[in-house]
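These are my notebook entries on two ligands and the pockets of one protein. I record what I looked up and what I found.

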Amino acid sequence: MELQQFQAKTPLKHLAFIMDGNGRWAKKRLLPRSMGHKAGVKRIKEIIDSCFFDYGIKAVSLFTFSTENWNRPPEEIQTLFQLLQDFFKTNIQEFKEKGIRIFVSGDLKDQRIPADVLETISEAIDETKAGDSHYFNVLFNYGGRKELVKVCKEISVDVLNGKISIPDINENLISEHLYFSKLPDIDLLIRTSGEERLSNCLLYECAYAEFVFTPCYWPDFTLKELSSCLEQYQSRSRRFGAIKND
Ligand code: IPE
Ligand code: IPE
Ligand code: MG
């Protein structure tokens with residue numbers, strides 16, 4: 001489908017991925033889980049490039065590490081962090097050239113995050129901050145509930161300081177306090193690996209999102225798979241509570 005046609009039919013401004021199934025992909029091949037993560041990270045670049053440049057999607061969010069993933073063995077966590085750093089370091093220059101701005105959403109104040117990981121993250125954010133053609137939002141140490149707690153705390157402080165009063169609290173204000181207040185709500189969330197749950201991902205932002213679940217493990221997620229997920233999205237009728245004759 002032509003880009004213009006694609007966006008005109010059912011506009012898609014913000015697409016989120018829960019990349020899942022790296023471990024099972026590896027297990028199926030009798031490989032260690034780390035190899036699954038490695039293979040998974042290899043898929044990211046082509047997929048987001050296609051979202052941005054083939055389908056004209058302005059913003060893509062990718063769930064890379066949840067607040068619950070700290071429950072995994074330390075070696076696996078370390079592998080995930082290393083792969084994230086390698087990903088940023090390898091691609092930052094190209095992102096910059098293509099006008100892709102990186103956002104990282106999550107609790108970056110968490111003391112458990114190693115200093116060098118934080119350094120790579122802030123470098124990636126800083127190096128690409130002038131980008132305005134597309135937004136790549138990396139959900140890292142992200143939890144939807146934790147995000148809402150942060151929003152509550154920040155708004156409470158503003159109320160206590162007299163900056164705002166209770167009647168000023170509305171949906172827009174809440175959105176402004178989310179990690180990525182500059183990005184629109186999620187239009188479509190794709191989760192790979194056959195799991196059909198949110199796992200604490202973007203609870204507020206997905207209020208009216210469409211969901212596509214595919215059995216495909218993330219390392220097997222090809223452009224063809226992406227196209228088939230986007231086709232499903234195109235066939236949905238988004239009504240937002242209203243009535244549409246389609
Ligand atoms: C997703 O793959 C990657 C992260 C959670 C970072 P998993 O590691 O969850 O893979 P499965 O679900 O165990 O197969
Ligand atoms: C969600 O996947 C987190 C990320 C993809 C980063 P998980 O594999 O951690 O989710 P559960 O444990 O199956 O719900
Ligand atoms: Mg998983």
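**Entry 1: contacts of ligand 2**

How many Å separate an oxygen atom of ligand 2 from an N or O atom in the side chain of Ser-199? I found a distance of 2.6 Å for this pair. I note here that the model is predicted. I then looked up further polar partners of ligand 2. In Asn-69, a polar side-chain atom is 2.9 Å from an oxygen atom of ligand 2. In Arg-72, a side-chain N or O atom lies 3.2 Å from an oxygen atom of ligand 2. I also looked up how far the protein covers the ligand: on its own, ligand 2 exposes 390 Å², and the protein buries 78% of that area.

**Entry 2: the shell of ligand 2**

I listed the residues that surround ligand 2. They are Ile-18, Met-19, Asp-20, Phe-63, Thr-64, Phe-65, Ser-66, Asn-69, Arg-72, Arg-191, Arg-197 and Ser-199. Which element gives the largest share of this shell? I found that strand 2, residues 59–66, supplies four residues, the largest share. By class, I recorded four nonpolar, four polar and four charged residues around ligand 2.

**Entry 3: contacts of ligand 1**

I turned to ligand 1 and looked up its polar partners. In Arg-72, an N or O atom of the side chain is 2.7 Å from an oxygen atom of ligand 1. Backbone atoms also take part in the list. For Gly-23, a backbone N or O atom is 2.9 Å from an oxygen atom of ligand 1. For Asn-22, a backbone N or O atom lies 3.1 Å from an oxygen atom of ligand 1. Ligand 1 has 380 Å² of accessible area on its own, and the protein covers 89% of it.

**Entry 4: the shell of ligand 1**

I listed the residues around ligand 1 as Met-19, Asp-20, Gly-21, Asn-22, Gly-23, Arg-24, Arg-33, His-37, Thr-64, Asn-69, Arg-72 and Leu-80. I compared this list with Entry 2: Met-19, Asp-20, Thr-64, Asn-69 and Arg-72 are named for ligand 1 and are named for ligand 2 as well. The largest share of the shell around ligand 1, three residues, comes from helix 2. I counted the classes in this shell as two nonpolar, six polar and four charged residues.

**Entry 5: the largest pocket**

Where does ligand 2 sit? I found ligand 2 in the largest pocket, and the space taken by ligand 1 is the largest pocket too. I recorded about 610 Å³ of space in this pocket. Its lining has 33 residues, and those nearest its centre are Met-19, Asp-20, Thr-64, Asn-69 and Arg-72. Two or more lining residues come from each of helix 2, helix 3, strand 2, helix 4 (74–98) and strand 4 (134–142). Helix 4 gives the most to this lining, with six residues. I noted 16 nonpolar, nine polar and eight charged residues in the lining of the largest pocket.

**Entry 6: the second largest pocket**

I last looked up the second largest pocket, which holds about 450 Å³ of space. Which residues lie nearest its centre? I found Gly-106, Leu-108, Lys-109, Lys-150 and Tyr-179 there, out of 21 lining residues. Strand 3 (100–105) and helix 6 (144–160) each give at least two residues to this lining. I recorded its classes as eight nonpolar, four polar and nine charged residues.

Methods
Residues are numbered from 1 along each chain as its sequence is written. Chains are lettered from A and ligands numbered from 1 in the order in which they are written. This is a predicted model: local features need pLDDT of at least 70, side-chain atom pairs count only at pLDDT 80 or more; totals for chains, interfaces and linings use all residues. Side-chain values use heavy atoms; hydrogens and water are left out. A residue is near a molecule or strand if one of its heavy atoms lies within 4 Å of it. A polar contact is a pair of N or O atoms within 3.5 Å; within protein, one must be able to donate a hydrogen and the other to accept it, and residues adjacent in sequence count only if both atoms are side-chain atoms. Accessible areas come from the Shrake-Rupley method with a 1.4 Å probe; for residues, only the protein chains shown count as cover. On a 1 Å grid over the protein atoms alone, a cavity is a set of points where a 1.4 Å probe fits but cannot get out, and a pocket is an open set with protein on both sides within 12 Å along at least five of seven lines; lining residues have an atom within 4 Å of a point. A molecule sits in a cavity or pocket if more than half of its atoms lie within 2 Å of its grid points. Ala, Val, Leu, Ile, Met, Phe, Trp, Tyr, Cys and Pro count as nonpolar, Asp, Glu, Lys and Arg as charged, and the others, Gly among them, as polar. Grid points are joined across faces, edges and corners, and a volume is the space filled by probe spheres set on the points.
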